Amino acid sequence: LFLCSRKGAMMDNRFATALVIACVLSLISTIYMAASIGTDFWYEYHTLSPAENVSEAGRSIWEEFFSKEADEKTYTDALFRCNGTVGLWRRCITVPKNSHWYSPPETDMTTNCISFSLSDQFMEKYIEPGNHNSGTDLNRTYLWRLQFLLPFVSIGLMCFGALIGLCACACRSLYPAIATGVLHFLAGLCTLGLVGCYVAGIELLHKKLPLPDDVRGEFGWSFCLACVSAPLQFMAAALFIWAARTNRKEFTLLKAYRVA
């Protein structure tokens, strides 16, 4: 019985360590996911400094970019020409601090952003961006909507899993940790789906509106945070499920041994 108890204590420590690691991974993935949602560097465009092209045409592009009536083609062209960045909630361009016609060109730049409204998030995308008569592009429309919804579903699942984990601690049982692991696995799938939808949406957009020769586009660090968050969620899910299932089996065997 002493050896059996000793073995059970060692197993409890092992399971506790797995749960602590899973909780840390879950916390880090949640922070990464929240940071990626709240920042504007999912995709970045790099071109010549806008300060070199301060003109009436340039000011016209900036004004159209900040207009509430700006369509997809209008603000995308501005992103191309003004070192733009795009997030899930906002789009930004880099402009000179002083762009008046009577002012000399400046090297000091500032970043100005405008948020996507809720209606913008669910607005239809067109086969020819900016042409409302070209018909609805269903692929891009639903990809855009999914990339808006999936991150919130992912965070919601992880928060719900955390509540179940707290209940497990209060009950001093590892059984609810299986549900926590399943929820983290589903959250990882949502995050992975978000990354896939965003990449597909960007690729389809650039087929409709090709990048100019002097413009380079690349995924930013906000996108990378989401990419890192997904495997962390899967690892946390695996540890939660492993600890709960293995502890249940070992407890059953231990109980049977003690009875014998």
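**Exercise 1.** In this predicted model, classify D77 as buried, partly exposed or exposed, and then work out how D77 and its salt-bridge partner are placed along the chain.

*Solution.* The relative accessible area of D77 is 27%, and D77 is therefore partly exposed, because that class lies between the limit of under 20% for buried and the limit of over 50% for exposed. The partner is K73, whose salt bridge with D77 has its closest N and O atoms 2.9 Å apart. K73 has a relative accessible area of 35% and is likewise partly exposed. As for their placement, both residues belong to helix α3 (residues 72-81), where they stand four residues apart, which means that about one helical turn separates them.

**Exercise 2.** Determine which parts of the chain are linked by the salt bridge between D40 and R90, and state how each of the two residues is classed by accessibility.

*Solution.* The starting point is the contact itself, in which the side chains of D40 and R90 meet with an N to O distance of 2.6 Å. The pair joins distant parts of the chain, since D40 lies in the loop between α1 (2-38) and β1 (43-46) while R90 lies in strand β3 (residues 90-96), 50 residues apart. Turning to accessibility, D40 has a relative accessible area of 8% and is therefore buried, whereas R90, at 33%, counts as partly exposed.

**Exercise 3.** State whether D137 and R140 are buried or exposed, and identify the network of salt bridges to which they belong.

*Solution.* D137 and R140 form a salt bridge whose closest N and O atoms are 3.4 Å apart, and both residues are buried. Through salt bridges that share partners, D137 and R140 are joined with E72, K125 and K208 into one network. For the wider setting, a search of the whole structure finds seven salt bridges, among them D137 with R140 and the pairs treated in the two exercises above.

**Exercise 4.** Identify the residues that form the nonpolar surface patch, say which element gives the most to it, and classify I28 by its accessibility.

*Solution.* The patch is formed by V20, V24, L27, I28, I31, Y32 and V228, which together have about 570 Å² of accessible area. Helix α1 gives the most to this patch, with six residues. I28, one of the patch residues, has its place in helix α1. The relative accessibility of I28 is 31%, so this residue counts as partly exposed, and a value over 30% is what membership of a patch requires.

Notes
Residues numbered from 1 in each chain as written. Predicted model: local features only at pLDDT ≥ 70, side-chain atom pairs only at ≥ 80, totals over all residues. Heavy atoms only, no water. Salt bridge = Lys/Arg side-chain N within 4 Å of Asp/Glu carboxyl O. Helix = DSSP H or I, 4+ residues; strand = E, 2+ residues; numbered from the N terminus. Buried < 20%, exposed > 50% of the residue type's maximum accessible area, 1.4 Å probe, protein only. Patch = residues over 30% accessible without salt bridge, like charges linked within 9 Å, V, L, I, M, F, W, Y side chains within 5 Å. Areas by Shrake-Rupley, 256 points an atom, 1.4 Å probe, with all protein chains shown as cover.
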